[in-house]
Amino acid sequence: MKTSQKSLVVVLNRWKFNGWMVCGAVLVSFAAGSLLTARLMRPNQVRADSNRVFELMVYHTVPGKAAALEAIFRDVSRLQDKHGLTVVGYWVPNEDPAWADTFIYVVAHPSREEAEKNWHALHVDPAFPPYREEAVPLIEKVNEQFHVDEVYMRPTDFSAMK
């Protein structure tokens, strides 16, 4: 073989070796990244027998005032977050006329004790009373009591959200 052909064979073999090295490095990097991502993205497992509770709040408003109450809660949500009240979501029914005057939300709490502590912190915050005063005339009263359904719930062992 001529010298130039030998050099060409050596160069080609070196490229082939380097190509396999690059492919191997890419494969190892991909596997490591996938494992790391899978570990970081795994949700925290919460057992159904933990102390975590969810609070369902259903406000029954004076007819036609659900949208006004929704607007108040848009601002109150920032205060709730500030005081550790983790709202899962806010809802307004949109089709059934029997539910037209309701505003609903769900709060997740680490425990019932934490719920009471965080609600107390919200209610003593000086920024909260103006929102309460604005909401009072919007909430329906039954027998001189505000018509608000409040239910604490625990997740079941087969619930997707725990």
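Visitor: How do the residues of the lining of the largest pocket divide into nonpolar, polar and charged?

Guide: In this predicted model, the lining divides into 16 nonpolar, 2 polar and 3 charged residues. As a general idea, rolling a probe the size of a water molecule over the atoms shows where empty space is left. Here the largest pocket holds about 430 Å³ of space, and 21 residues line it, with Tyr-59, His-123, Phe-128, Arg-132 and Ile-139 lying nearest its centre.

Visitor: Which elements give two or more residues to that lining?

Guide: Two strands, β1 (53–60) and β6 (148–153), do so together with the helices α2 (66–82), α3 (112–124) and α4 (129–135). Of the elements, α2 supplies the largest share of the lining, namely 5 residues.

Visitor: Turning to the aromatic rings, how many aromatic pairs does a search of the whole structure find?

Guide: The search finds 8 aromatic pairs. One of them joins Phe-103 and Tyr-105, whose ring centres lie 6.2 Å apart with 50° between the planes, so the pair counts as tilted, being neither under 30 degrees nor over 60.

Visitor: Are Phe-103 and Tyr-105 buried or exposed, and which residues do ring pairs link into a cluster?

Guide: Phe-103 and Tyr-105 are both buried, and ring pairs link these two with Tyr-59, Phe-73 and Tyr-90 into a cluster. Tyr-59 of this cluster is also among the residues nearest the centre of the largest pocket.

Visitor: Which residue lies over the face of Tyr-152?

Guide: That residue is Arg-112, placed at 3.6 Å from the ring centre of Tyr-152.

Notes
Residues numbered from 1 in each chain as written. Predicted model: local features only at pLDDT ≥ 70, side-chain atom pairs only at ≥ 80, totals over all residues. Heavy atoms only, no water. Phe/Tyr/Trp six-rings, centres within 6.5 Å; stacked < 30°, edge-to-face > 60°. Buried < 20%, exposed > 50% of the residue type's maximum accessible area, 1.4 Å probe, protein only. Lys NZ or Arg CZ within 6 Å of the ring centre and 35° of its normal. 1 Å grid on protein atoms, 1.4 Å probe; cavity = no way out; pocket = protein on both sides within 12 Å on 5 of 7 lines; lining within 4 Å. Points joined across faces, edges and corners; volume = space filled by probe spheres on them. Helix = DSSP H or I, 4+ residues; strand = E, 2+ residues; numbered from the N terminus. Nonpolar A, V, L, I, M, F, W, Y, C, P; charged D, E, K, R; others polar.
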